[in-house]
Amino acid sequence: MKRNHWRGKEKHGWSSRKHSYRSQPYRRSDHHSDTERPEQDEPQTPANAGPSSSGDPSSSSLTQNSVVPELLGFYYDSEKNRYFRLLPGHNNYNPLTKESIQYKAMECKRLRLLEEEEKQKKKTARAGLNSSVLLQKRQLGLLSSTSYCRLVHELKVNCMQRKKIEIHSPDSSVAGTNNFKIIVADVACERIFTVNDVEHGGCKYGIINLHGLGESLTVEMYDNLYFTNRKVNSVCWASLTHPDSHVLLCLMGIAETPGCASLIPASLFSSTDPDQPGMLCSFKISTAWSCAWCLNPQADNCFSTGLTRRVLVTNVVTGHRQTFGTSSDVLAQQFATQTPMLYNGCRSGEIFSIDVRQRSRKGQSWKAIRLFHDSAVTSVRLLEAEHYLVAADMAGKIKLWDLRTAKCVKQYQGHHNEYAVLPLHVNEEEGLLTAVGQDCYTRIWSLQDAHLLRTIPSPHPSSKDAIPSVVFSSRLGGSQGVPGLLMAVKQDLYHFSYN
């Protein structure tokens with residue numbers, strides 16, 4: 001009897017433990033009564049709280065998911081407040097995967113944000129800030145002209161409205177047939193070089209001419225079918241014969257054809273003077289991750305390519321090359337304009353500068369400035385005075401570095417990246433920093449205080465091949481142009497104009 005009595009207790013104790021396990025704070029089954037554990041529903045309140053005050057709408061969904069523990073072989077449905085099995089063959093009609101569930105949640109959030117943007121025409125990035133308050137402070141002398149213009153741009157950015165642009169082209173087969181991959185504007189924002197993916201593989205290149213007048217923006221696209229089928233890793237404008245006269249492309253190799261860096265005259269994509277292409281040259285190199293053109297007169301007619309474990313600086317006119325060995329792949333580059341310095345961001349997370357006047361070296365002693373991120377650096381942008389540098393990495397961190405002290409002075413929160421090489425866009429005159437994340441959201445921060453001003457969802461469903469490429473300027477189309485954001489995604493071009 002004692003043995004049976006002991007076994008009965010053991011069975012009763014196991015049943016209690018099992019019952020206690022199934023009644024965790026995160027309620028997953030419907031057969032429990034409300035009086036069973038009345039205090040356990042309270043921990044769910046933070047998960048259902050409103051959006052975070054950070055300004056990023058995506059943070060609310062992250063807060064909800066972070067409260068719910070993950071169980072191997074199960075997924076949690078927030079609407080039904082239950083776990084469901086993810087075992088193979090459990091649901092043959094609609095097999096569930098973690099990726100498909102996350103994609104569905106992201107798509108629902110994107111559609112909700114697009115609907116909210118359509119309804120809410122006027123937004124405020126900062127509490128208590130509006131145009132009348134700014135004008136009053138300006139008249140009272142409480143704001144400088146620089147601060148006033150910067151804050152006005154912040155207000156305008158929050159009121160930008162999306163409009164799809166019709167692309168005009170002399171060749172009807174050019175516009176709207178291939179997905180945009182990269183768009184890069186020249187200094188004057190009058191032309192945009194485009195790289196488009198083609199169906200049979202490779203890329204196609206073209207130039208979009210912008211004409212801004214009043215509040216309208218006219219777009220004309222010109223193509224050159226001679227340059228096709230080469231994948232582009234990096235692209236930048238080059239001032240060889242005159243400002244922004246050429247485009248520098250880093251092309252991947254195909255089969256037995258090695259990679260190369262090509263200088264293509266912009267006039268090849270123009271219908272005005274097709275018979276005068278200017279200088280066209282190509283330099284054989286191994287696969288290049290990044291490129292940059294030097295505008296400093298002490299290193300005139302030079303460009304740099306970031307390769308695997310080395311930096312190659314080439315003089316276009318003389319053909320002279322300088323090689324600097326590194327310990328990691330160079331994914332991002334930019335030349336300074338006031339000094340002949342080249343800033344590089346590496347896969348290892350290191351950022352270093354090179355004085356290109358010195359001879360090639362294999363050691364590390366030639367590195368003038370060294371900064372460090374915890375993840376691969378994907379973009380580096382110098383500010384105008386060249387005392388500060390903004391850098392982004394594959395962990396989604398964006399940092400502002402003081403080059404004089406080699407210290408990080410600001411961080412811009414909200415960016416999302418895991419493995420993609422994504423650029424940063426700095427508009428210092430407007431006081432704005434723009435970046436597109438791997439989640440396909442375009443985020444705009446205040447450059448001065450790192451405040452997140454706006455998060456723009458993509459007009460298309462998010463995917464790896466649908467990450468938008470953007471250009472922001474207060475003068476799209478030239479000196480008399482229109483302000484706003486130009487976004488290329490899939491086959492479409494959108495203009496987010498100031499309202």
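Strand 14 and strand 15 (residues 310-315) are paired in the antiparallel sense, over six bridges. Within this pairing, serine 304 faces valine 313 of strand 15. The model described here is predicted.

Strands 14 and 15 belong to an open sheet of four strands. The order across this sheet is 13-14-15-16, and the pairing is antiparallel. Strand 13 (290-293) and strand 16 (321-325) are the edge strands, each pairing on one side only. On average, neighbouring strands of the sheet are turned by 15 degrees against each other, direction ignored. Strands of a sheet pair through backbone hydrogen bonds, and the pairing may be parallel or antiparallel.

Another open sheet of four strands has the order 9-10-11-12. Its pairing is antiparallel. Strand 9 (232-238) and strand 12 stand at the edges. Each has a single partner strand, so one side of each is left without a neighbour in the sheet. From one strand to the next, the twist averages 15 degrees. Inside this order, strand 10 (residues 246-251) and strand 11 (residues 260-265) pair in the antiparallel sense. Six bridges join strand 10 and strand 11. Leucine 249 stands opposite serine 262, a residue of strand 11.

An aromatic pair involves strand 12 and strand 14. A search of the whole structure finds four aromatic pairs. One of them joins phenylalanine 283 and phenylalanine 303. The ring centres of phenylalanine 283 and phenylalanine 303 are 5.5 Å apart, and their planes make an angle of 55 degrees. This pair is classed as tilted, because the tilted class takes in angles that are neither under 30 degrees nor over 60. Phenylalanine 283 lies in strand 12 (residues 281-284), whereas phenylalanine 303 lies in strand 14 (residues 302-307). The pair therefore ties together parts that are 20 residues apart in sequence. Both phenylalanine 283 and phenylalanine 303 are buried.

Other aromatic residues also have notable surroundings in the model. Phe193, Tyr205 and Phe269 form one aromatic cluster. Charged side chains are placed over rings at two further sites, described in turn. Arginine 347 lies over the face of tryptophan 289, at 5.0 Å from the ring centre. Lysine 367 has its charged end over the ring of phenylalanine 352, 4.5 Å from the centre of that ring.

Strand 26 (residues 432-436) is mostly covered, with five of its five residues buried. Both faces of strand 26 are covered. On one side, Leu432, Thr434 and Val436 are buried. On the other side, Leu433 and Ala435 are buried. Strand 26 pairs in the antiparallel sense with strand 25 (residues 424-427), over four bridges. Here valine 426 stands opposite leucine 433 of strand 26. Strand 25 and strand 26 form a hairpin with four residues between them. In the turn, glycine 431 has a positive phi of about 70 degrees.

Strand 26 also pairs with strand 27 (residues 442-446). This pairing is antiparallel as well, over five bridges. Alanine 435 stands opposite arginine 443 in strand 27. Strand 26 and strand 27 form a hairpin, with five residues between them. Cysteine 440, in the turn of this hairpin, has a positive phi of about 70 degrees.

Two helix residues complete the description. Methionine 106 is found in helix 3 (residues 98-119). Its relative accessible area is 31%. Methionine 106 therefore counts as partly exposed, because the partly exposed class lies between the 20% limit for buried and the 50% limit for exposed. With neighbours within four places in sequence left aside, methionine 106 is in contact with Asp439, Tyr441 and Ser462. Serine 462 is 356 residues away from methionine 106 in sequence. In space, methionine 106 and serine 462 are 8.1 Å apart, C-alpha to C-alpha.

Asparagine 158 is placed in helix 5 (residues 145-158). The relative accessibility of asparagine 158 is 4%, so this residue counts as buried. Its side chain reaches the backbone oxygen of glutamate 154 at 2.9 Å.

Key. Residues are numbered from 1 along each chain as its sequence is written. This is a predicted model: local features need pLDDT of at least 70, side-chain atom pairs count only at pLDDT 80 or more; totals for chains, interfaces and linings use all residues. Side-chain values use heavy atoms; hydrogens and water are left out. Helices (H or I, at least four residues) and strands (E, at least two) are DSSP runs, numbered from the N terminus. Buried means under 20% relative accessible area, exposed over 50%, partly exposed in between (1.4 Å probe, protein chains only). Contact means heavy atoms within 4.5 Å. A polar contact is a pair of N or O atoms within 3.5 Å; within protein, one must be able to donate a hydrogen and the other to accept it, and residues adjacent in sequence count only if both atoms are side-chain atoms. Rings of Phe, Tyr and Trp (its six-membered ring) pair if their centres lie within 6.5 Å; planes under 30 degrees apart count as stacked, over 60 as edge-to-face and the rest as tilted. A charge sits over a ring if NZ of Lys or CZ of Arg is within 6 Å of the ring centre and within 35 degrees of the ring normal. Two strands pair if DSSP finds at least two bridges between them. Axes are lines fitted to C-alpha atoms, for helices over the stretch in contact, and angles run from 0 to 180 degrees between N-to-C directions.
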